[in-house]
Amino acid sequence: MTEAVKKTVYSVCAMCTVRCPIEIEVENNQVKKIWGNPHVLGGRYLCPRGAAGKVFENDTERLQHPMMRVGERGEGKWRKVTWEEALDYVAEKLNKIREEYGGESIVLGDRGGGFTDMQKAFIKALGSPNYFNHHGACSNSVHNAHNAIAGHRRNTVSYDYKNCRYIVLYGRNMLESIGTKEAKDFIDALERGMKFTHIDTRWNYTAAKSHRFLVIRPGTDYAFNLALINVILKEKLYDAEFVERWVLGLRELEEFIVPYTPEWAEKETGIPAKEIVAVAHEVSSHKPAVIFNQGWMTAWTETDYYFRRSIYILTALMGAYEAKGGLLFNKGEAAAGYKPVKMLASLPPAVKAKRFDGVGWKYKHLSADYGLAQMLPHAILNEDPYPVKAFICYRFDPLSSFPDPEAYLEGLKKLDLLVSIDVNYSHIGWYADVILPEATYLERTDPVLVKKGAKPALWLRRQAVEPKYDSKPKWWIFKQLADRLGIGEYFPYNTIEELIQWQLQDTGISLSDFDAKGIVQLSDKEILWDRESGLKFNTPSGKIELVSSMLEDNGIPSFPPYESPKSPPEGHYRLLTGKIAVHTQGTSLNNLYLNEIQSENTLWINSTEAKKLGIKTGDLVEVSANGVKHTIKASVTDYIHPEAVYTLHGYGREIPLQTRAYKKGMRDNIFMKGLLKVAIGGNCPITDCFVRVRKVS
Amino acid sequence: MSDYYIYQDQNRCIGCRACELHCKTQNDVTVGASFGKIIPVGPRVVGGVPRMQFIFMPCFHCEQPWCVSACPTGAMSRREKDGIVSVNPETCIGCKACITACPWGAVQWNPKIGRVFKCDYCKDRIDEGLEPACVTGCTTAALKWVSPSDSSADRRKKFAAKIAKNKPV
């Protein structure tokens with residue numbers, strides 16, 4: 001018997017976009033086991049999705065070779081083609097579109113996150129300003145809110161769980177919608193004695209670990225926070241020194257907040273005034289080591305933006321910025337004394353054309369880093385502000401994540417070219433002209449990732465095994481396209497090793513430095529800025545602007561009067577969606593082992609409402625809205641607000657080739673008619689969807 | 001009870017099922033079977049908050065395993081050196097007597113080969129000085145690989161600390 005060839009590879013997971021550091025055991029070019037990277041995490045901890053990466057790799061029901069559409073869009077008739085043919089076709093079409101309509105008529109969308117540099121470089125090199133990602137259906141409101149008030153983003157700060165003494169979560173299902181390190185840090189903090197208030201429209205496993213669990217009327221979290229601010233200002237519980245030094249607009253806030261008392265908020269939220277006062281007192285007594293969690297998926301309502309602003313106002317009032325146990329600013333290479341890692345997107349010349357989605361001209365307060373994917377169908381159909389003819393969609397599925405896929409498709413059908421680059425089958429891929437299969441995260445090396453934080457580091461996703469099928473790594477796909485489009489000069493490499501060498505050129509770090517631990521730590525110690533003189537708020541004033549000059553300049557009030565969210569009409573419920581630990585929305589539903597644990601979703605409904613409708617757990621119910629109907633099994637519970645029903649997001653996959661997930665459960669976004677909107681935070685108001693529920697007899 | 005024990009800290013467990021996935025991917029367990037399983041129990045209101053218990057059910061590796069007594073061929077056996085109970089697929093005849101015998105439902109059916117299979121605490125890993133996959137990969141380090149007496153000692157210590165914290169004398 002020949003000895004098995006074994007190796008250990010350190011890399012970065014891609015089963016979801018948390019991107020946890022992993023250790024891969026490889027035997028004879030097969031993935032044998034995936035663990036968390038102990039050099040980063042202190043142990044081999046890894047969430048169930050990460051562990052299930054092995055069966056994803058071995059799955060036959062994923063993209064295996066380039067495919068070109070034969071029948072009508074969405075008909076599901078495909079032709080297996082060579083890379084040569086697929087790339088030539090895409091390049092030829094793009095060249096023609098670029099010549100006829102200009103570079104800006106080509107748009108590129110992706111999932112966002114750490115690995116976006118190459119996509120940004122590619123679209124910029126084509127002369128298009130139109131990069132966007134999924135955040136319009138996710139966290140646009142929180143990013144944009146933090147940007148206006150403090151010149152930051154959600155992800156330019158991190159949570160110091162290690163030292164936090166009190167945390168408030170607003171519907172952030174930390175222990176089911178998990179990242180490995182965050183979940184473990186959170187549990188460590190609870191074990192250490194951190195106090196924890198959980199506010200949610202429904203109970204979940206996170207609420208089950210809280211010290212105080214408050215069920216809130218959907219969409220009224222802002223009212224809760226206003227009352228907290230009211231108590232904190234009235235009783236002068238804030239960090240006066242920090243506020244004096246770093247906060248502008250306290251007087252305006254004091255004037256604005258007067259009517260928003262705990263008693264007022266009780267009527268609005270359903271949470272007793274005394275509970276709100278208690279939270280205000282508790283949190284203040286632990287300041288500044290407190291966290292008001294910013295949220296993850298924050299595309300909730302039309303006014304979510306103002307709710308997110310209130311989170312930062314509270315953070316500022318508690319002096320929790322750059323405080324031990326609060327929100328720490330993320331630091332990069334420079335803060336650790338290194339020259340920056342080079343980025344491809346810095347190479348192509350700046351693009352002058354205005355964006356298709358209105359960001360920067362119609363919506364001056366919204367960031368082009370995320371864009372507005374929800375505007376794409378409108379732009380295509382109306383050629384407003386100009387013709388959009390080609391969409392390159394990289395590992396992103398707006399037909400799953402955005403409301404109203406039918407309306408989205410209307411736009412997509414009018415495109416001259418729709419390309420999907422992905423590792424998985426997706427709803428949008430199913431309607432594409434060309435599908436380019438990317439090698440999986442276990443089969444490819446990606447460019448270096450700068451992991452900013454209090455302790456910045458460089459991370460590397462590294463190839464562990466040879467591709468199982470005829471798929472290619474991202475760096476190769478974009479390089480091949482770039483060469484065919486005459487923009488190859490902006491992709492100065494022939495191999496991924498050359499690209500990484502180029503990226504690291506000025507840092508003094510080399511590829512082999514990643515061998516031992518998988519990452520290169522840029523600083524051994526936490527880098528903390530001086531709270532008296534060193535905080536960097538990237539607003540015009542350099543301070544936290546409660547009255548935001550960026551908003552005021554654009555005619556947007558910083559403190560508009562509170563608007564109460566609509567209550568659903570009789571017999572209707574607000575449709576809320578969420579996640580569990582074993583699934584990454586739709587993308588993991590077809591995974592052999594994850595599907596085994598949770599193959600379908602159910603509809604949670606409040607027990608009092610269920611009684612009225614004669615519904616018991618396990619009954620089949622019909623959910624309907626705007627002419628769309630679907631049946632699903634009910635889960636009756638005491639622990640959901642009576643105005644809401646809830647289901648897991650991502651189910652009801654409609655791709656026949658994914659046999660385990662095909663038509664299992666209910667697809668949530670089909671009910672969300674008319675919600676491809678731009679709310680003030682740049683988000684779709686995804687929870688503004690009211691459905692009728694009735695028992696199927 | 002073998003020389004080993006998997007201690008599950010309920011305060012740390014989040015019911016994420018990583019233990020199940022690490023087990024299944026380590027042992028290539030077929031769909032429908034699971035060597036170790038999290039059984040969520042609850043919610044039950046304690047101190048005003050609905051709480052959950054996530055009960056981890058691997059094989060307990062009994063001191064006097066009923067599955068071993070029930071096995072007609074000796075395929076199911078208890079390892080002398082440390083008490084790990086495992087099944088030899090070569091001599092298992094697929095009669096399922098062990099499935100009937102085990103009070104905990106630990107023995108699983110492998111339809112691919114028509115034999116039973118079960119949790120063996122990842123004994124190949126144990127023999128290499130490692131810990132079982134479920135313990136190693138647990139997201140929040142809620143599972144701990146200990147000796148039965150360590151577990152009792154640890155539980156006592158935690159309980160004492162809790163009393164001291166909650167009810168200062």
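**Strands and sheets in a predicted two-chain model**

Biologist: How many helices and strands are there in chain B?
Modeller: The model is predicted. Chain B has both kinds of element, and the count is 6 helices and 8 strands.

Biologist: In which order do the elements of chain B run from the N terminus on?
Modeller: A strand opens chain B and a helix closes the chain. Read from the N terminus, the order is β-α-β-β-α-β-β-α-β-β-α-α-β-α.

Biologist: What percentage of contacts in chain B between residues at least 6 apart in sequence join residues at least 24 apart?
Modeller: The C-alpha atoms of chain B fill a box of roughly 60 × 30 × 30 Å along the principal axes. Of the 169 residues in chain B, 38% are buried. For contacts between residues at least 6 apart in sequence, the share joining residues at least 24 apart is 55%.

Biologist: Which strands of chain A are the edge strands of the open sheet?
Modeller: In chain A, 7 strands form an open sheet with mixed pairing, ordered S5-S4-S17-S16-S15-S6-S7. An edge strand pairs on one side only, and this holds for strand S5 (78-80) and strand S7 (131-133) of chain A. Neighbouring strands of this sheet are turned by 20° against each other on average, direction ignored. The edge strands are thus S5 and S7.

Biologist: Which residue stands opposite A:Val107?
Modeller: Strands of a sheet pair through backbone hydrogen bonds, either parallel or antiparallel. Strand S6 (residues 106-110) and strand S15 (residues 390-394) of chain A run parallel and are joined by 5 bridges. Opposite A:Val107, in S15(A), stands A:Phe391.

Notes. Residues are numbered from 1 along each chain as its sequence is written. Chains are lettered from A and ligands numbered from 1 in the order in which they are written. This is a predicted model: local features need pLDDT of at least 70, side-chain atom pairs count only at pLDDT 80 or more; totals for chains, interfaces and linings use all residues. Helices (H or I, at least four residues) and strands (E, at least two) are DSSP runs, numbered from the N terminus. A residue is buried if 20 or more other C-beta atoms lie within 10 Å of its own, exposed if 12 or fewer, and partly exposed in between; C-beta atoms are placed from the backbone. Two residues are in contact if their C-beta atoms, placed from the backbone, lie within 7 Å. Two strands pair if DSSP finds at least two bridges between them. Axes are lines fitted to C-alpha atoms, for helices over the stretch in contact, and angles run from 0 to 180 degrees between N-to-C directions.
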